[in-house]
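Student: I have a structure to look at and would like to learn how to read its features one by one. Could you take me through it?

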Amino acid sequence: DPNIALFLWQTLSVLALGLSCFLLSRLTAGKTSEAFFLSFLYAPVFLTLWAGQLGLGLGLLPLCIGYFLLLRDRPLAAGLVWSLLLLKPQYFFAAAFVGLACAVRGRYRTLVGMSFGVIALVSLTIAVFSPSITLQWLLSHRVSDAYFFAGLQGIPSHLVTGLPANLMILLPLDERRAAKLPLYVAGAAAWLVGLWFCNKFKSDQLHQSAQISLTFVIGLILSTLTLPHLLYYDLCVLLPAGF
């Protein structure tokens, strides 16, 4: 029954949120109960639970586990866990940003772990579902572009939070495709500026854990600003930045 299935998934999502709060509280010396209660006051969390979205179980939890492992000096394990965020790509970019920033500073194991995990996940998907079905699934993502370029998809505009998409929505339909490349290039440039900024932490003599945390927060913020298909409930990605 779909109602029972939704209830079970919502229960698993609440457990994922609780575990995420526990891990973040361990890192900040806070109380898990207070963190869990306060997280429900953040509207995207409530909307994610109500709609049965994937953000808490397949996004926030792997994000927090990887961050916890990285601060516990287990970068390879952190990268492997973060590779699971490929199942929720809106959360993947912040983790990949941290891994790339660590690699630029001469610490490659996080990025290596993510690379191995992504290769294993893609290989498993192709092996289980066949290359043709996997390719069709990838091509189906073009449907999401139809909303921005042709106005065909029924996503309410007030749920769209990414700046590139919001700017394209303001344009007439016949001008949106021409604006896509400049907006995406501007978004990519923002990530490069963030990477350059995080690379300066090494010369600032910051402790390694402080470098990781600041880089993580910058990656989370850049995700919410630059990803074109980010929706309101995906802003759960900002929860670790709040901690």
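Student: Which helices each supply at least two residues of the lining of the second largest pocket?

Tutor: For a pocket, ask which elements the lining residues come from. This is a predicted model, and here helix H7 (109-129) and helix H8 (131-139) each supply at least two lining residues of the second largest pocket. The lining consists of Leu86, Leu87, Pro89, Leu121, Val122, Thr125, Phe129, Ile133, Thr134, Trp137, Leu138 and His141. The space in this pocket comes to about 450 Å³.

Student: How many residues of each class does the lining of the second largest pocket have?

Tutor: Sort the lining into nonpolar, polar and charged residues. Nine are nonpolar and three are polar, while no charged residues occur in the lining of this pocket.

Student: Next, the interior. How many residues has the largest nonpolar core, and which have the most contacts inside it?

Tutor: A core is read through its members and the elements that supply them. The largest nonpolar core has 32 residues, and Leu63 and Trp82 are those with the most contacts inside it. At least two residues of this core come from each of helix H1 (2-28), helix H3 (43-51), H4, helix H5 (75-82), helix H6 (89-104) and H12. H4 gives the most, with eight residues. Another core lies apart from this one; it has eight residues, among them Phe97, Leu195, Cys198 and Ile218.

Student: What is tryptophan 82 in contact with, leaving aside its neighbours within four places in sequence?

Tutor: Setting sequence neighbours aside leaves the contacts made through folding of the chain. For tryptophan 82 these are Pro62, Leu63, Gly66, Tyr67, Leu70, Phe92, Ala95, Val98, Thr110, Met114 and Phe216.

Student: Some of those are aromatic. How many aromatic pairs does the structure hold?

Tutor: The structure holds six aromatic pairs. To read one, take the distance between ring centres and the angle between ring planes. For phenylalanine 36 and phenylalanine 40, the centres are 5.0 Å apart and the planes stand at 85°, so this pair is edge-to-face; the cut-off for that class is over 60 degrees. Phenylalanine 36 is partly exposed, at 26% relative accessible area, and phenylalanine 40 is partly exposed as well, at 30%.

Student: Why is the pair of tyrosine 67 and phenylalanine 216 stacked?

Tutor: The same two values settle the matter. The ring centres of tyrosine 67 and phenylalanine 216 are 4.5 Å apart and the planes lie at 20°, so the pair counts as stacked; planes under 30 degrees apart fall in that class. This pair links distant parts of the chain, with tyrosine 67 in helix H4 (residues 55-71) and phenylalanine 216 in helix H12 (residues 208-226), 149 residues apart. Both tyrosine 67 and phenylalanine 216 are buried. Together with Trp82, they form one aromatic cluster.

Student: Now single residues. Is serine 223 buried or exposed?

Tutor: Relative accessibility answers that. Serine 223 has 0%, so it counts as buried. It lies in helix H12. Not counting residues up to four places away in sequence, serine 223 touches Gln90, Phe93, Ala94, Trp191 and Leu230.

Student: Where is serine 157 found?

Tutor: Serine 157 is in the loop between helix H9 (142-150) and helix H10 (163-170). Its relative accessible area is 41%, so serine 157 is partly exposed. For separation in space, take C-alpha atoms: those of serine 157 and phenylalanine 243 are 29 Å apart, with their positions 86 residues apart along the chain.

Student: Which value does phi of alanine 29 lie near?

Tutor: Phi is a backbone angle, and its sign is the thing to check. In alanine 29, phi is near 60°, a positive value in a residue other than glycine. This alanine 29 sits in the loop between H1 and helix H2 (32-39) and is exposed, with a relative accessible area of 75%. Aspartate 73 also has phi near 60°. Aspartate 73 belongs to the loop between H4 and H5 and, at 56% relative accessibility, counts as exposed.

Student: Where is the place of arginine 74?

Tutor: Arginine 74 is in the loop between H4 and H5. At 49% relative accessibility, arginine 74 counts as partly exposed. The C-alpha atoms of arginine 74 and arginine 109 are separated by 8.8 Å, and these residues are 35 apart along the chain.

Definitions and conventions: Residues are numbered from 1 along each chain as its sequence is written. This is a predicted model: local features need pLDDT of at least 70, side-chain atom pairs count only at pLDDT 80 or more; totals for chains, interfaces and linings use all residues. Side-chain values use heavy atoms; hydrogens and water are left out. Rings of Phe, Tyr and Trp (its six-membered ring) pair if their centres lie within 6.5 Å; planes under 30 degrees apart count as stacked, over 60 as edge-to-face and the rest as tilted. Buried means under 20% relative accessible area, exposed over 50%, partly exposed in between (1.4 Å probe, protein chains only). Helices (H or I, at least four residues) and strands (E, at least two) are DSSP runs, numbered from the N terminus. On a 1 Å grid over the protein atoms alone, a cavity is a set of points where a 1.4 Å probe fits but cannot get out, and a pocket is an open set with protein on both sides within 12 Å along at least five of seven lines; lining residues have an atom within 4 Å of a point. Grid points are joined across faces, edges and corners, and a volume is the space filled by probe spheres set on the points. Ala, Val, Leu, Ile, Met, Phe, Trp, Tyr, Cys and Pro count as nonpolar, Asp, Glu, Lys and Arg as charged, and the others, Gly among them, as polar. A nonpolar core is a set of buried Ala, Val, Leu, Ile, Met, Phe, Trp, Tyr and Cys residues joined through side-chain atoms within 4.5 Å. Contact means heavy atoms within 4.5 Å.
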